[in-house]
Structure formats: C-alpha cells, structure tokens
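Colleague: Could you take me through one part of this structure slowly, as you would for someone in their first year? I would like to look closely at a sheet and at what packs on it.

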Amino acid sequence: MSHSKKSGPVRVSRRTFLSGTALSALGAAGLPLLTKGALAQTPADEILSGCHWGVFRARTEDGRAVEFTPWEEDPWPSPQLPGVLNSIYSPSRIKYPMVRRAWLENGPGADVAGRGTGDFVRVTWNEALELVARELVRVREETGPTSIYGGSYGWKSPGRFHNCQTLLRRLLKLNGGFTSSSGDYSTGAAQVILPYVVGSIEVYEQCTTWPNVAENTELMVFWGANPVNNSQISWQVADHGFAKMEAFRDAGGEVICIDPVRTETCDYFDGEWLAPRPQTDVAMMLGIAHTLYTEGLHDQEFLDRYTAGFDRFLPYLTGESDGVPKTAEWASDICGVPTETIEDLARRFASKRTMLALGYSTQRQHHGEQIHWMLITLASMLGQIGLPGGGYGLSYHYSSGGAPTHNSPTLPAITDTPGQPPAGGAAWLSAEGNATIPVSRFVETLLNPGKVIDFNGTKITLPEIKLAYWVGGNPFSHHQNRNEMVRAWQKLDTFIVHDFQWTATARHADIVLPATTSYERNDIEQVGDYALSHIVPMKKIIDPVFEARSDFDIFTGIAEQLGLGYEYTEGRTEMDWIRGFYEAAKLESRAKGMEMPIFDVFWDSNKPLAFPVTDEEQNFVRHASFRDDPLLNALGTASGKIEIYSTNIEKFGYDDCPPHPTWMEPIERLGGPTTTYPLHIASNHPIARLHSQLCGTELRESYAIAGREPCWMNPQDAAARGLVDGDLVRAFNDRGQILAGVMITDVIRPGVIRINEGGWYDPADPREAGSLCRYGDVNTLTVGISTSKLAQGNCGQTAMVEVEKFVGTPPEVDVFSALDG
C-alpha cells in the first residue's frame with residue numbers, strides 16, 4: 001500500500017496494522033501518521049503550549065487537562081498528542097518522593113542487587129531533599145567530585161528554562177564538581193569522525209532545503225533514513241517542516257530507499273526499495289564507488305579541487321594495497337544486493353542530479369565511523385556537493401532537517417554555571433565537568449574504574465563513580481546490553497532519579513523524586529530545530545499533580561539544604577528567567593531590523609510569535625559557498641578540503657579506524673563469518689512514541705501484540721519457525737532474552753526482524769542475572785561494545801538473535817504500574 005502522487009492521507013485500522021503492510025504501522029489508535037492541515041480549529045481561549053510533538057492548545061475542565069488539539073497552523077500534526085496528554089495521568093505516574101527501603105534503612109550501597117524489585121518507602125519532601133544533599137556532600141568529601149556522575153543524557157523536555165540536565169549540572173557545580181559526558185547516543189560515531197572529514201559535526205547542521213530539492217533533485221536516495229516517521233518530533237518544539245517533502249513528491253522526483261525495512265518514507269514517495277544485509281552499507285558503497293571509477297563516471301576535477309587524499313584511498317578501492325578489488329561483485333557477496341543492481345546504482349547516481357540522504361542509525365554499529373565517511377567519499381566522486389539539489393544530507397530524517405531557517409533571533413537558555421549570562425547552542429553535546437567520559441561508556445566506567453581508554457586521539461582514565469544522578473533521561477532504555485548494565489549498576493552506592501513515570505530507570509533508583517511534566521510549569525521555546533520559525537510560550541496548563549515539583553524547585557530545595565539557595569536561583573523566579581530570555585531575544589531581533597512585542601503582550605497573546613524566511617534561506621544549498629570558493633570558504637579540516645584520507649587519524653594508529661573509509665567486519669552480522677545466531681535485529685525508532693517516551697501511555701494499545709513490543713518478521717522466517725501472526729515469542733542470544741509479539745510482514749528483509757528501541761525494560765526477576773524481560777526491551781539483546789577507539793560510540797544496531805515460540809503461561813507485564821500507590 002502506498003500513496004499515489006495525488007492521494008490524500010492514509011487512515012489505518014487496528015486490523016490493518018496487524019496485517020503487516022508498511023503503512024499500516026503508521027496509525028496510532030486509528031490515526032494517520034500524516035494528516036495534511038489542522039485536525040480541528042480550536043478556540044482562541046484555550047491554553048497554548050508546545051512539546052517535542054509540536055505546538056498545541058490544551059483544554060481543561062475543573063483543573064484537569066482533557067484535550068490537546070494541534071495548533072491550527074501545524075501542517076502535519078502528530079497523532080501521538082493523545083499519548084502526550086495521557087502521560088500526565090498514566091497509571092505509571094510517580095506521585096510522591098520515594099526511597100528504596102534497603103538504602104534508607106542500611107545506608108548507601110545496601111542490597112544493590114535489590115534495585116528494581118520495587119521495595120520503596122514514601123518519605124516527605126523535606127526528608128528527600130535532606131537525604132540527597134547529605135549524600136552529595138558525603139560522596140564529594142569521601143571520594144572527590146569526580147565520583148559523582150551528572151552526565152544525565154536523554155531526551156529531556158523542551159524549554160529554555162526547565163532544561164533539567166542543565167539545572168542538574170548547575171547544582172553539581174555548586175557542590176564542587178562532577179563527572180560529565182560527551183557526545184550522544186544518536187550520532188556518537190558520526191559526530192567524532194566528521195570534523196576530520198568535512199571540518200564540522202555536520203549531522204546536526206542544515207541540509208539543502210526541501211524547496212531546493214523539489215526544484216533541482218532528480219534522484220533522492222534515502223539510505224537508512226526515514227523522515228516520514230522520525231520527523232514527527234524535534235529536540236525543541238516540532239515544526240513538522242518535513243511537510244515540504246510533498247512538493248518533491250508531487251514534482252515526480254525519483255526515490256530509492258536503501259534499508260532492510262520498507263519504510264513509511266518509501267511508501268510515501270512510492271519509492272524503489274533495496275534491502276541490503278544490515279551493517280554492510282560500507283561494502284555496498286565501495287562497490288558503487290569502484291564502478292564509478294572503473295567506468296570513468298567519477299568527477300576527477302571535483303576530487304582534485306575540493307578533496308584531499310583520494311589518491312591514497314584509490315589503492316584500497318582498486319585492491320592494489322590489499323589484493324581485494326572492491327568490485328560490485330565483491331560488494332554483492334557481502335551485502336546481498338545483486339551485482340547488476342550495484343553497478344546500475346553507480347550509473348544512475350552519476351547520470352542524474354542526486355541527493356544522498358543518510359540516516360543516523362547506520363553509524364550505530366560496530367565500526368560505525370566508516371559509513372558517513374564513505375558516503376561523503378561517494379558524493380565527492382559524483383562531484384555534486386554544493387550544487388543545487390545534489391550532494392549529500394545527514395539530517396533530512398531528524399527534526400525536519402531541510403526546512404528553511406527563518407530570520408529569527410537566538411532565544412537564550414539557562415546555563416549550568418550560576419552567574420553566567422544565558423546562552424543558546426547545543427550545550428548538551430558536551431557538558432563541562434571535572435572529568436568527562438564518552439556518553440556510551442558509562443557502563444564500562446562503572447565496571448572498570450581506573451582503566452585507560454583511547455578516545456579521539458587522547459587517553460582517558462575512567463573515574464570511579466559512587467553516585468549517579470539522572471534527570472530527563474532513561475538509561476535503562478537507551479543504553480545497550482541491559483544485563484551488563486544491571487551488573488554495572490551494582491557498583492554504585494547511590495542512584496538518584498527525577499522523573500514523572502515509573503520507568504525502569506526510576507525502578508532501579510535509590511531515591512526517586514517526582515517531577516512535573518512540561519504541562520505543569522511555564523517555559524519558552526523556539527519552534528523547529530532547523531526552521532526556528534516561531535517563539536512559543538509553553539504555558540502551564542494544570543497545577544502539578546500529587547506531590548510533583550519542577551526540577552528547578554527540586555534543585556533549589558537541595559541547594560537551600562547546602563546553604564546555596566540564592567546562588568542557585570540568583571534571586572529569580574521561573575517567570576523572571578523566562579521574561580529575561582525573551583527580552584534578550586527582543587534586543588537581537590531589533591538589531592535584525594524587526595520589532596518583537598513586549599513580553600506581556602507576547603505571553604498573553606496565546607499565539608506563537610512568527611518570524612520571516614528570506615529567499616536566500618528558502619533556497620539554501622549545503623556547501624555552496626565552499627564550492628564557489630574553496631580557499632575563501634575553506635572547511636575546518638586540516639587541509640581545508642573534504643578529507644578522504646586523514647593524516648590526523650593516521651597518526652592515532654588505531655587498528656579499528658584506518659585513515660580512509662574501509663570495510664571492516666563487525667563483531668556479528670547477518671551472513672558474517674563469526675555469526676552464532678541466525679537473525680539480525682533492526683532496532684528502529686518507534687512509530688508511536690519518542691524513544692521510550694509515551695511507552696507508558698494508552699498509545700501502547702495501538703501497537704502492542706500479545707501485550708508486548710511487536711516483532712516484525714518476514715513470512716519465510718516465520719514459516720521456518722512455525723509462527724503465525726500474534727504469537728508470543730522469545731527472542732534471545734547469549735546477552736539476554738525478551739518476550740515480543742510477532743507481526744508477519746513482507747516489508748522486512750528475510751533474516752532480519754524489527755523490534756523497536758524504547759520498550760520499557762521489565763525483568764521477571766531483577767535479582768536474577770539474564771532474567772527474561774517480560775515486555776520487550778530490545779537493548780537486552782544488543783552489544784555494549786564501542787564503535788571504535790576513535791569515537792567510542794554505541795552499537796545499538798549490532799545484534800544477532802534467535803526467535804522461538806513461547807510455550808507455557810507468560811509472565812504478566814508489570815513495568816507500567818506505579819510503585820507508590
């Protein structure tokens with residue numbers, strides 16, 4: 001099933017969802033993924049706010065939120081908004097401050113194997129704040145500030161003031177310091193390798209805009225990229241600017257989707273689907289590159305003027321250096337795509353204005369640094385980088401990348417250093433601490449204090465962590481190799497968590513503090529990570545439920561216990577801070593020749609404040625200025641050019657990251673030489689939630705099968721195991737085991753199953769090593785190793801498993817209930 005060129009939105013029933021077609025998975029409770037225009041007009045007196053899923057209006061009755069309606073100017077509202085509303089009142093809502101009984105009665109480090117068993121004691125807020133303050137001081141004084149981990153990575157709520165992770169670091173700095181983290185789970189490998197290749201982080205930077213693509217691109221290649229699903233959400237407030245893809249579709253642009261799963265994007269564009277074996281994309285790209293070179297289809301003039309090191313990469317490509325020419329036939333043996341298809345791709349790429357759009361998931365694998373490097377090498381050989389509609393884009397699938405950037409001011413945010421002026425930017429990528437570790441190496445740090453690891457040309461000594469403090473994230477979802485993680489957590493004396501739901505992370509805490517949702521406090525944010533089209537007042541919709549407090553109020557209370565309350569708040573209230581951010585943006589706007597209304601008028605208007613977009617930004621072309629003048633607009637690399645061969649990486653001498661893009665066998669893969677288990681897991685981004693967010697809401701009922709996470713399986717693989725639609729199965733390997741519900745579908749490659757990341761971890765017996773996860777947390781099965789010594793990124797897409805029908809009485813899922821009454 002797919003859209004025709006002029007079709008309207010697809011509506012999908014529950015029965016269609018279970019039938020296994022690709023677009024059937026778009027529906028959440030019968031709603032379409034993409035609904036052109038507003039779902040309904042809303043009265044002006046309803047409360048305006050925003051979230052990761054977009055701008056919306058809220059209706060309340062008797063102090064209770066009863067309806068969230070998409071903003072009338074949202075072009076493609078997310079059907080997940082009902083789940084956002086339900087998250088406020090879900091059965092898993094944390095109501096009161098809670099402390100694990102063993103920790104409370106016997107002190108830090110007591111019965112660490114009992115974490116996750118749910119034995120908590122309710123305490124008052126005063127008791128909880130005193131316990132936290134006392135423990136922060138104890139650990140700092142006994143083992144030093146680096147024994148406190150405050151990296152607290154995760155998809156916290158949007159908002160320039162209630163950035164809970166920044167607020168945490170602000171407190172920990174006042175306490176004397178902490179160990180922080182660098183990088184992220186989304187692009188851990190790419191963001192380290194790309195500065196050597198193109199001189200910037202690139203993966204979070206603007207692509208050639210969709211209007212330019214619609215006018216100039218002849219062939220769009222989505223390589224492991226699925227914007228139709230993933231751009232429902234944004235790091236800030238979603239703008240859903242990916243609706244501009246419609247113009248390219250209606251213009252008849254040719255689309256190829258390269259992915260083990262036929263994605264929603266492939267159906268939306270009625271695209272051609274190619275399904276290589278997972279983790280073999282670099283080999284496939286090398287086969288295309290070899291064909292380009294041997295058939296004289298590459299652009300040597302572009303390579304000579306704009307790149308460095310192609311001559312040193314060429315001996316590897318041709319096989320002169322290792323005796324193995326990277327031919328299309330060689331690539332076909334590895335990736336499973338026919339030789340003729342690979343050769344044809346090379347000719348088609350070269351004959352058309354081609355845009356290569358690569359997704360983040362492709363680098364979340366063993367040796368993940370290589371794929372972004374190889375794709376840029378391929379784009380360089382095509383010679384279209386910097387041309388309208390050509391080259392490559394690394395964020396089309398994220399937060400509506402490709403939406404034109406508006407002429408808006410920077411909206412400042414609270415900083416993690418008291419007394420420091422508010423600032424904008426993506427500070428979450430690398431927070432300043434007394435010590436810093438790569439974010440995905442936290443479990444390794446817990447297990448190996450004092451170990452020295454390589455990282456991006458340096459050596460890091462892993463500190464000994466005694467206390468971890470987590471806010472705005474869910475490590476028991478996003479980290480890999482869950483059972484290794486559970487063992488590592490036993491090294492902690494104390495684990496403190498703020499959250500509003502009883503996630504697995506909260507269940508494994510020693511002290512749990514109930515935080516408000518975004519909808520129980522005021523804030524301010526910009527709309528669209530790339531578009532920056534509006535400033536939206538994120539208005540408080542209801543009073544906090546039960547005993548929830550905002551993170552700012554919680555940290556202020558702890559700071560007061562430490563005698564540092566004024567230093568933490570600087571004497572300003574929530575609305576003082578928000579007003580200050582707006583006024584700073586107002587000054588910058590005036591310098592741009594625009595006049596924003598005074599704050600009170602803006603706040604009371606109940607409308608997002610819009611900013612214009614220039615023709616130049618509407619038609620932005622990535623790397624156009626570099627192409628126009630590579631000397632004046634040199635890249636930030638050592639040579640100022642695109643580096644196909646990096647002498648800096650060569651100096652590191654890493655055996656797992658050579659100085660040019662290279663095919664390297666992962667630790668395990670489908671069709672690989674060292675594979676023990678027969679099925680590869682595609683741990684894709686979920687369809688009806690944001691990572692683990694909204695898993696604990698009513699939306700789960702729209703996709704759960706047999707009460708568990710769905711396991712998509714090709715009919716061939718299902719038949720070989722005697723499975724039918726709806727069966728409860730056990731997926732397992734030597735790292736762990738989970739339950740899942742089978743959905744048989746031909747939109748997934750044979751040999752591959754899909755179990756979305758973000759399912760809540762629910763061990764049948766938290767005290768038992770390798771205990772069965774009753775709900776279906778896929779990271780129970782993924783590897784915990786790093787991508788390489790260069791980036792130390794995560795390998796969330798590396799996992800081979802077996803699947804069998806579950807026999808007997810299945811254990812009940814427990815993780816979606818509350819532990820505090």
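**A close look at the open sheet**

Modeller: Happy to! Keep in mind that this is a predicted model. For residues 1-44, pLDDT stays under 50, and the same score stays under 50 for residues 425-430. Where pLDDT is low, the coordinates should not be read in detail. Over the protein, the average pLDDT is 92, and 93% of the residues score at least 70.

Now to the sheet. Five strands form an open sheet with parallel pairing, in the order 10-9-8-12-13. The edges are taken by strand 10 (272-274) and strand 13 (391-393); each has a single partner strand, so one side of each is left without a neighbour in the sheet. On average, neighbouring strands here are turned by 20 degrees against each other, direction ignored.

Let's zoom in on one pair. Strand 12, residues 354-358, runs parallel to strand 13 and is joined to strand 13 by three bridges. For M355, the bridge partner in strand 13 is G391.

Next, find the helices that pack on this sheet. Helix 16, residues 369-382, touches strand 8, strand 12 and strand 13. The direction of helix 16 makes about 175 degrees with that of strand 12. Helix 11, residues 281-294, also packs on the sheet, touching strand 8 (219-223), strand 9 (254-258), strand 10 and strand 12. Its direction makes about 150 degrees with that of strand 8. Strand 8 and strand 12 are thus touched by helix 11 and also by helix 16.

Terms used. Residues are numbered from 1 along each chain as its sequence is written. This is a predicted model: local features need pLDDT of at least 70, side-chain atom pairs count only at pLDDT 80 or more; totals for chains, interfaces and linings use all residues. Side-chain values use heavy atoms; hydrogens and water are left out. pLDDT is the predictor's confidence in each residue, from 0 to 100. Contact means heavy atoms within 4.5 Å. Two strands pair if DSSP finds at least two bridges between them. Helices (H or I, at least four residues) and strands (E, at least two) are DSSP runs, numbered from the N terminus. Axes are lines fitted to C-alpha atoms, for helices over the stretch in contact, and angles run from 0 to 180 degrees between N-to-C directions.
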